[in-house]
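Visitor: Please pick one part of this model and go through it closely. I would like to know where it sits, what it touches and how it relates to the rest of the chain.

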Amino acid sequence: CPWDKAALAALTVAGSEVAAVWGGLRTAPADLAGAALPDNLMQDWDANSRALQHAIGGFNQILVDYNEAIAQFPATVIPSFLGVKPAGQIAIFHEA
């Protein structure tokens, strides 16, 4: 279930790990062959990272709205019958 708190927490951990590895690669010193990462790759990563952070923020807002909606009466009656539970959120991860 995409709303599952454990699944969203695992996604946060995976994203943090990717960001940490990328941060390490990005700060690696250049060698005789040149920079550790090409400039265009770093620019693409930065653009994609900004887009991802924007998307995560929007997704988290949807989850906040969802949690508020299922907590309101009379909507609380239907989720209790169906076993619907509040959703978790994805933490926005940053490079280490």
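**A close look at helix α2**

Guide: A suitable starting point is N60, whose place is in helix α2. The model is a predicted one, and what follows should be read as a description of that prediction. N60 has a relative accessible area of 11%, and because the cut-off for buried is under 20%, N60 counts as buried. Leaving aside residues up to four places away in sequence, the residues that N60 touches are Q89 and I90.

N60 is one of a set of buried residues in α2, which also has M42, I56, L63 and I70. A point about helices in general helps in reading such a set. With 3.6 residues a turn, an α-helix has residues three or four places apart pointing the same way.

The helix itself covers residues 39-71. From its first C-alpha to its last, α2 reaches 48 Å with its 33 residues, close to the 48 Å expected at 1.5 Å a residue.

Next comes the packing against α1, the helix of residues 5-26. The axes of α1 and α2 lie 13 Å apart, at an angle of about 160°. Angles over 145 degrees count as roughly antiparallel, and α1 and α2 are therefore described that way. Their crossing is left-handed.

On the α2 side, this contact involves L41, M42, W45, D46, F59 and L63; on the α1 side, it involves L8, V18, W22 and R26. Sorted by class, those residues are 8 nonpolar and 2 charged, with no polar residue in the contact. Two of the α2 residues that meet α1, M42 and L63, are also among the buried residues of α2.

S49, another residue placed in α2, has a relative accessible area of 25% and is partly exposed. S49 and A19 are 30 residues apart along the chain, and their C-alpha atoms are separated by 9.3 Å.

For α1, the residue to add is G15, which is found in that helix. G15 is buried, and its relative accessible area is 11%. Its C-alpha lies 9.0 Å from that of A91, a residue 76 places away in sequence.

Finally, the chain as a whole. It has 3 helices and 0 strands, and from the N terminus on its elements run α-α-α. Of its 96 residues, 18% are buried, with N60 and G15 among them. Taking the contacts between residues at least 6 apart in sequence, 64% join residues at least 24 apart.

Terms used: Residues numbered from 1 in each chain as written. Predicted model: local features only at pLDDT ≥ 70, side-chain atom pairs only at ≥ 80, totals over all residues. Heavy atoms only, no water. Axes fitted to C-alpha atoms, helices over the stretch in contact; angles between N-to-C directions. Helix = DSSP H or I, 4+ residues; strand = E, 2+ residues; numbered from the N terminus. Parallel < 35°, antiparallel > 145°, perpendicular 65-115°, else oblique. Left-handed = near helix turned anticlockwise from the far one by under 90°. Contact = heavy atoms within 4.5 Å. Nonpolar A, V, L, I, M, F, W, Y, C, P; charged D, E, K, R; others polar. Expected span 1.5 Å × (residues − 1). Buried < 20%, exposed > 50% of the residue type's maximum accessible area, 1.4 Å probe, protein only.
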